[in-house]
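Work through the exercises below with the model open. Try each task before reading its solution.

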Amino acid sequence: MGRAEEREMENGNHEIPENANEHCPGPQSESAGKSDACAGCPNQEACASAPKGPDPDLVAISERMATVKHKILVLSGKGGVGKSTFSAQLSFALAGMDHQVGLLDIDICGPSIPKMLGLEGQDIHQSNLGWSPIYLESNLGVMSIGFMLPHPDEAVIWRGPRKNGLIKQFLKDVHWGELDYLVVDAPPGTSDEHISIVQFLLASGIDGAIIVTTPQQVSLIDVRKEISFCKKVGLPILGVVENMSGLMLPISDVGFAKLSESGEEEDVTEWALNYMKTHAPEMLTLFVRKEVFDSSGGGAARMCSEMGVPFLGKVPMDPQLCKAAEEGRSCFTDKKCIASAPALRRIIEKLIVSQE
């Protein structure tokens, strides 16, 4: 995070005009319109004469968030690590424990939460209390920009200020009511949106962030930056989850093939399973486990030890979990996610204990 962004965090302001200079200190900064970075900016005179002080919307956000007991931000250093899947299943699990839960999707350019909760095609409604979340269950409400798009394939091409304005509106105008947990699914990285959501929630008391990664070094390098970001902005780190920690599935779900000398593939799954059933039936109760990513560097557990942050646990790569996410359902309601559901539950129970 650059010095300009750090000043914005300190000043409690990030509403920077779209046509502002690159290192704009922010319209409400004491140096607004006066610093060297303001020279030649079309907003210079307006910023210099504008009243200074805290953003009044922060007061409205704090009042709205006063009915939310716990606020958890789910982050990732890079995309494709299963952050939104974790956010969705965390929300399902908390709701299944009879907590009142809200899930806020601020991944504005890639809102996947409506799909992962089976809520595609829903529309947001307004009342005199504000925007109403879309309720999957009576104790699980969801809000996402995905509900506002005319078509799911519609691209969101917005500059930073407009994204920040929507995040602020989600926090200020959505009527969540009394919540035990608000789970916020953020986009990957450490961008404008992250600075905004942290700034907006710090004033109302955010519990902290869960960071999702995969075991390989290319993901852990970015997670280290994410941890550095959290420390710089004063955001507590609740822990790191290592997702896709090896492929794991029952041997009965595995396909078997025989390759000829010419490389042609012959499916021998039925023969192999019948052979095991006849000669070694106990093998059919086993799971197949295979490392997909190189974890020889110690993975997330070692990184957490080196950086002094909590390690929450590992979740294996489970095809049934992927299917649950595609179908918009909880992995905890049936016994299909045999490998992933128990691992996720252990992590969530550990998280709840730490919040009590």
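Helices (H or I, at least four residues) and strands (E, at least two) are DSSP runs, numbered from the N terminus. This is a predicted model, in which local features need pLDDT of at least 70 and side-chain atom pairs count only at pLDDT 80 or more, while totals for chains, interfaces and linings use all residues. Residues are numbered from 1 along each chain as its sequence is written, and side-chain values use heavy atoms, with hydrogens and water left out.

**Exercise 1. Place Asp98 and Met244, and decide for each: buried or exposed?**

Step 1: take Asp98. The loop between helix 4 (83–96) and strand 2 (101–105) holds Asp98. Its phi is near 70 degrees, a positive value in a residue other than glycine.

Step 2: apply the cut-offs. Buried means under 20% relative accessible area, exposed over 50%, partly exposed in between (1.4 Å probe, protein chains only). Asp98 has 67% relative accessibility, so Asp98 counts as exposed.

Step 3: take Met244. Met244 lies in the loop between strand 9 (237–242) and strand 10 (247–250). Phi of Met244 is also positive, near 55 degrees, in a residue other than glycine. The relative accessible area of Met244 is 18%, so Met244 is buried.

**Exercise 2. Which residues of helix 3 are buried, and which exposed residues does the face turned away carry?**

Step 1: list the buried residues. In helix 3 (residues 56–65) they are Leu58, Ile61 and Met65.

Step 2: check the arc, taken from the directions from the helix axis to the C-beta atoms. The three residues cover only 60 degrees around the axis, so they sit on the same side of helix 3.

Step 3: turn to the other face. Pro56 and Glu63 are exposed there, away from the buried side.

**Exercise 3. Why is helix 7 largely enclosed by the rest of the structure?**

Step 1: count. Helix 7 (residues 192–202) has eleven residues, and nine of them are buried, so the helix is largely enclosed.

Step 2: name some. Among the buried residues are Glu193, His194, Phe200 and Leu201.

Step 3: set the background. Of the 356 residues of the protein, 48% count as buried.

**Exercise 4. Which residues form the negative surface patch, and which strand gives the most to it?**

Step 1: fix the rule. Patch residues have over 30% relative accessible area and no salt bridge (a side-chain nitrogen of Lys or Arg within 4 Å of a carboxyl oxygen of Asp or Glu), with like charges joined within 9 Å.

Step 2: name the members. They are Glu265, Glu266, Asp267 and Glu270.

Step 3: assign them. Strand 12 (residues 265–267) gives the most, with three residues. Glu270 belongs to helix 9 (residues 269–279). Glu270 is exposed, at 62% relative accessible area.

How values were computed
Patches are made of residues with over 30% relative accessible area and no salt bridge: like charges are joined within 9 Å, nonpolar side chains (Val, Leu, Ile, Met, Phe, Trp, Tyr) within 5 Å. Accessible areas come from the Shrake-Rupley method with a 1.4 Å probe; for residues, only the protein chains shown count as cover. Lys and Arg count as positive and Asp and Glu as negative; His and the chain ends are not counted. The place of a charge is taken as NZ of Lys, CZ of Arg, CG of Asp or CD of Glu.
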